[in-house]
Amino acid sequence: MLHGEFGHDHKNGSETPEPVTAQVNGSIPSWLQGTLVRNGPGLFSVGDSEYNHWFDGMSLLHSFTFSNGEVTYRSKFLKSNTYKRNIKANKIVVSEFGTMVYPDPCKNIFSRISTHLSNIIPDFTDNNLINIVRYGDDYYASSEVNYMNKIDPATLETVGRINYRSHIALNLATAHPHYDSEGNTYNIGTVFMGLGTPKYIIFKVPADASDKEHNKPALRKVQQIGSIPFRSLLFPSYFHSFGMTENYIVFVEQPFKLDIVKLATAYFRGANWGNCLKFDKDDITLFHVINKKTGKAISTRFYADNMVVFHHINAYETNEHVVFDLISYTDSNLYNMFYIKNIKQETSSFIQSNKTFSPPSCQRFVLPLNTDKESPKGTNLVSLTDTSAKAVMQEDGSVYCQPDTLFVGLELPGINYHFNAKKYRYFYGFRLEWSPHPNKIAKFDIVTRKHIEWHQENCYPSEPVFVASPGAVEEDDGVILSSVVSPDPNISPFMLVLNAKTMEEMARASIPVSVHIDLHGLFIPAKP
């Protein structure tokens, strides 16, 4: 059962700090040289205290190193301040997204008051469990808060914590930055408390920003490109990722919002930060298109119906249009499904309670760049012939966008990143049916609108990662890597290597130790 595996995954993971060699069946291409570093929650209880939400679990990093047809595996808990404090106290003492922690009532009144006051502007946890990101030559474990932890991708050691705020004023930033062909990193953050005018900020870190010799972080060279004001002052949009084309950043301001007053008072109300997110189903979604060089936004007001978005797939420019593909939901129930009490339900009741779950829909939106306010009202301004997406001029000069639905039931999308910000044909992901635990990897062809799948009974793959063959010209010339786990004791966890063209198995590397379910990761090619 899909849900069954997830039901076991609130159990604590364990570290394998020394590399272990996997047993390879089949043949791993000799050109595949590098390390896939992945991140996700791995520790769900400390002492007698437990987290409420799967996204609260403490980060467990793991890596798969490919060298000359062999694979080695290791895993280590991220040694964040949060981890150290919790382990030392032998209980959860740092609040997370779904778990609010209070100081010991025995403490004296003065220390209690100062603790309460310090919680008005939340000092977020540095439990960076979502992804691995690169700034310059520095690699970080990242979540969506102002702290990241620098890691050594070779050993998975935690090198030290960094605060974005030492370099740029922000409260939140995504764990899904974009990288251009020169190696520059682009990201978007949110400024909402104690740091000046509330806004979304777009920033860039140059490729050559690291200073290894003097151990200076790449972030010290951060450049703010531009900013976008919130459409409603106390309700900024939540966003998990964004789109990037050759010249533009595409930012979706969705009606899935953070309630700032609730956030500032959560601690006093006995609520968790997760409860400060709300989906305003009566609101619309705004699309902002910002020039990467000038930081200026295109003045046309593009909007669409309400939606909830976590992952963008890709974006590109063609014939004076910006095309962007994302995965949307019609509600925000996804977060609620991952409360541990829901994951622990029996499969039958889990299916019953999630019958109403809105499936992830891969949608293409198209924004015409040269809109003329004089265009006749009610006309579709999209002139591309390969999509049914519409952008219709309204009476007030704004443009109402309707999507072309590409595919339904796929999440954690991946592409050949050499085609990021370019016109592309394929994306990969895993099939998400009625439960949060998928068991198929799919490849979708945007041209034919057909998909092919890899599947094995009782096996649960992670996010597929595409690695291109050396010198590849064709977009799908390469391999797909996915870490696979199974509740079946006879199937040890394995790293799956698929031929990306056919989605047929080339090899699997069985790991002789336990492997946890993760979220996102980054393939770091070996230095030649």
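**Surface patch**

I began with nonpolar side chains at the surface of this predicted model, and I found that L233, L234 and V261 make a nonpolar patch of about 280 Å². I then placed V261 in the secondary structure, where V261 belongs to helix α4, which covers residues 260-269. The relative accessible area of V261 is 46%, so I entered V261 as partly exposed.

**Cavities**

Next I went through the whole structure for enclosed space, and the search returned two cavities of 30 Å³ or more. The largest cavity has a volume of about 940 Å³. I noted that 49 residues line the largest cavity, and that F55, I130, Y238, H240 and Y335 are the ones closest to its centre.

Which elements each supply at least two residues of the lining of the largest cavity? I listed the strands β13 (172-173), β24 (308-318), β30 (410-414), β34 (460-461) and β36 (478-485), together with the helix α5 (333-337). I also sorted the lining of the largest cavity by class, which gave 32 nonpolar, twelve polar and five charged residues.

The second largest cavity has a volume of about 40 Å³. I wrote down F239, H240, S241, V252, Q254, V309, F310 and H312 as the residues lining the second largest cavity. Strand β24 gives three residues to this lining, the largest share. By class, I recorded four nonpolar and four polar residues around the second largest cavity, with no charged residues.

I went back to H240, which is among the residues closest to the centre of the largest cavity and which also lines the second largest cavity. Strand β24 likewise appears in both entries, since I had listed β24 for the lining of the largest cavity and again for the lining of the second largest cavity.

**Positive phi outside glycine**

I then turned to the backbone and looked up L156, which has a positive phi of about 70 degrees although L156 is not a glycine. I located L156 in the loop between β11 (147-151) and β12 (158-163). Is L156 buried or exposed? The relative accessibility of L156 is 1%, and L156 therefore counts as buried.

E320 is another non-glycine residue with a positive phi, in this case of about 65 degrees. I found E320 in the loop between β24 and β25 (321-329). With a relative accessibility of 49%, E320 counts as partly exposed, because the range for that label ends where exposed begins, over 50%.

**Salt bridges**

My count for the model came to 18 salt bridges, and I followed several of them in turn.

The side chains of D386 and K423 form a salt bridge with an N to O distance of 3.5 Å. The two residues are 37 residues apart and link distant parts of the chain, with D386 in the loop between β26 (361-368) and β27 (390-393) and K423 in the loop between β30 and β31 (426-431). I checked the accessibility of each partner, and D386 counts as partly exposed at 39%, while K423 is partly exposed with a relative accessible area of 47%.

R425 and D445 also meet through their side chains in a salt bridge, at 2.9 Å from N to O. Because R425 lies in the loop between β30 and β31 and D445 in strand β32 (residues 440-445), I noted that the pair ties together parts that are 20 residues apart in sequence. I entered R425 as partly exposed at 30% relative accessibility, whereas D445 is buried with a relative accessible area of 11%.

For D476 and K501, I found a salt bridge in which the closest N and O atoms are 2.9 Å apart. D476 lies in the loop between β35 (465-468) and β36, and K501 lies in the loop between β37 (494-499) and β38 (504-510), so this pair ties together parts that are 25 residues apart in sequence. D476 counts as buried at 8% relative accessibility, whereas K501 is partly exposed, with a relative accessible area of 34%.

My last entry concerns a group and not a single pair: which residues are linked in a network of salt bridges? I noted R231, K257, D280 and D283 as the members of this network.

Technical notes. Residues are numbered from 1 along each chain as its sequence is written. This is a predicted model: local features need pLDDT of at least 70, side-chain atom pairs count only at pLDDT 80 or more; totals for chains, interfaces and linings use all residues. Side-chain values use heavy atoms; hydrogens and water are left out. On a 1 Å grid over the protein atoms alone, a cavity is a set of points where a 1.4 Å probe fits but cannot get out, and a pocket is an open set with protein on both sides within 12 Å along at least five of seven lines; lining residues have an atom within 4 Å of a point. Grid points are joined across faces, edges and corners, and a volume is the space filled by probe spheres set on the points. Helices (H or I, at least four residues) and strands (E, at least two) are DSSP runs, numbered from the N terminus. Ala, Val, Leu, Ile, Met, Phe, Trp, Tyr, Cys and Pro count as nonpolar, Asp, Glu, Lys and Arg as charged, and the others, Gly among them, as polar. Patches are made of residues with over 30% relative accessible area and no salt bridge: like charges are joined within 9 Å, nonpolar side chains (Val, Leu, Ile, Met, Phe, Trp, Tyr) within 5 Å. Accessible areas come from the Shrake-Rupley method with a 1.4 Å probe; for residues, only the protein chains shown count as cover. A salt bridge is a side-chain nitrogen of Lys or Arg within 4 Å of a carboxyl oxygen of Asp or Glu. Buried means under 20% relative accessible area, exposed over 50%, partly exposed in between (1.4 Å probe, protein chains only).
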